[in-house]
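Work through the exercises below with the sequence and the coordinates at hand. Each task is followed by its solution.

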Amino acid sequence: MSYIKALKCRECGREYPKEALHVCEYCFGPLEVAYKYDEIKKSLTKEAITRRPANMWRYRELLPIEGDPTVGAQVGFTPLIRARNLADSLGVKELYIKNDAVNYPTLSFKDRVVSVAISRAREMGFKVVACASTGNLANSVAANAAACGMESYVFIPFDLEQTKILGTLVYGSKVVSIQGTYDEVNRLSSEIAGKYGWAFVNINIRPYYAEGSKSFGFEIAEQLRWKLPRHIVVPMAGGSLITKIWKAFKEFEMLGFVEGIEKTRVYGAQAAGCAPIVTAVKTGSELIKPVRPNTIAKSLAIGNPADGYYSAKVIRESNGWAEDSTDEEIIDAMKLLAETEGVFAETAGGVTLAVTKKLIAQGRIPVDESIVISITGNGLKTQEALQGRLVLPPVINASLKEFDGLVKSLEKKYAARG
Amino acid sequence: MAVKVRIPTPLRKLTGGKEEVYVQGGSVTAVLDDLERNYPGIKERICEGDGKLRRFVNLYVNDEDIRFKENMNTQIKDSDELSIVPAIAGGFF
């Protein structure tokens with residue numbers, strides 16, 4: 001049973017059939033999926049959701065596919081960790097980490113959007129799937145396409161981390177590396193999508209694709225025992241995730257699953273070397289001024305964010321704020337998260353934690369209310385960022401005496417025998 | 001002499017298929033008004049009812065975004081070029 005009503009322009013409200021369309025023909029605004037909420041209200045309950053398998057499809061009435069998912073049936077329901085050690089370190093009371101660093105199958109939140117996009121693309125009859133990507137999306141499109149036997153093309157900027165390139169090639173995807181920034185890759189991809197008629201998950205399939213991110217928000221609310229966090233910090237690249245988390249919270253409230261959304265504040269995090277949305281929030285501007293990115297957080301390096309305007313709007317609407325963090329702060333935060341909670345997040349996670357620290361220090365996030373930090377990708381993919389930033393292990397011979405000497409030099413006391 | 005206006009694919013139905021047209025005007029507003037006189041129906045695709053530029057349409061005067069100049073009041077002189085570019089998913093047509 002399908003609950004998709006139509007596609008609807010976010011700007012002028014014109015409706016379109018539920019096809020592979022993403023732009024309003026009339027005013028060029030982006031299209032969004034509209035649902036038959038009346039019917040969902042009648043059939044979906046919290047109890048029903050709770051009984052379903054632990055993956056993102058437990059919210060399937062609120063995800064835009066017509067039949068069952070044909071790829072990525074196991075994606076989602078990643079851990080929400082009560083981060084007590086990190087909370088102590090930051091001096092706050094109630095802190096959680098939503099950990100999509102362990103999302104299935106490619107260790108980032110992109111598996112959520114891709115399983116929706118490819119399942120929907122197959123319903124519409126596409127044979128080739130493609131994307132423009134800063135890396136995580138590339139991995140996910142390649143893996144999920146392989147899993148359902150589809151051909152895939154992945155377009156990336158030439159300077160991506162090696163791990164993300166290898167982690168795309170291994171699935172047999174056709175990877176095309178473009179001499180240019182992500183924004184240039186994206187522009188070329190738009191032209192290719194038009195000419196070749198492929199399913200570009202984040203271009204012509206975007207209205208469906210983007211909805212997958214809502215599951216990140218649904219899960220947080222459910223995992224907090226059907227409560228909304230008072231504060232949530234979200235990394236921003238194109239800016240889609242933050243808007244969809246907000247939409248997820250609103251949908252749950254509308255369905256009567258949670259209450260008190262007016263108390264929830266949403267905060268956006270970007271790297272200082274690519275912070276067009278943060279700048280707009282801080283200056284109170286409706287315009288997003290594109291920038292040329294320069295940051296180690298490559299997964300966030302989108303200088304001309306497609307959903308920048310809407311992200312800034314969500315932040316304002318929820319009385320949140322936005323901040324950015326330098327490369328140095330990003331590395332420190334990655335280490336802090338790993339050392340306190342055993343979570344190795346990618347550079348984007350460093351951005352999000354560093355910004356959270358800043359917002360707490362500024363008093364914008366109070367220390368005694370619930371806070372969720374959104375971790376969207378895995379540190380194993382961005383290890384290059386840590387090169388030269390960690391103290392390398394001491395090298396000794398296989399001799400107990402040398403080890404004793406090492407322990408002595410650490411000036412620590414252990415209850416050693418003999 | 002006149003101002004050259006570059007028309008994006010989705011609006012060419014209104015210009016009889018023409019990619020480039022020539023109109024008169026000393027500012028962006030004036031150029032768009034003259035464009036509307038010559039190709040009725042085109043202005044409402046570019047501007048809101050109150051004359052403000054639509055959020056997902058970019059206008060460039062000689063490759064510079066007017067939002068970072070003087071917006072609709074940006075001056076235009078003969079031999080300048082005005083490009084109408086819908087913003088799509090962070091990219092451009």
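**Exercise 1.** State the order and sense of the three-strand open sheet in chain A, and find its edges.

Solution. The order is 2-1-3 and the pairing is antiparallel; strands are DSSP runs of E of at least two residues, numbered from the N terminus, and two strands pair if DSSP finds at least two bridges between them. Strand 2 (15–16) and strand 3 (31–35) of chain A each have a single partner strand, so one side of each has no neighbour in the sheet. Next, take strand 1 (residues 4–9) of chain A: two bridges join it to strand 2 of chain A. Across this pair, A:Lys8 stands opposite A:Glu15.

The model is predicted: local features need pLDDT of at least 70, side-chain atom pairs count only at pLDDT 80 or more, and totals for chains, interfaces and linings use all residues. Residues are numbered from 1 along each chain as its sequence is written, while chains are lettered from A and ligands numbered from 1 in the order in which they are written.

**Exercise 2.** Determine why helix 5 of chain A is largely enclosed, and what covers its buried residues.

Solution. Ten of its twelve residues are buried, so helix 5 of chain A is largely enclosed by the rest of the structure; buried means that 20 or more other C-beta atoms, placed from the backbone, lie within 10 Å of the residue's own. Among the buried residues are A:Leu137, A:Val141 and A:Ala145. The cover includes helix 4 (110–123), strand 6 (128–132), strand 7 (151–157) and helix 6 (162–169) of chain A.

Key
Helix = DSSP H or I, 4+ residues; strand = E, 2+ residues; numbered from the N terminus. Contact = placed C-beta atoms within 7 Å.
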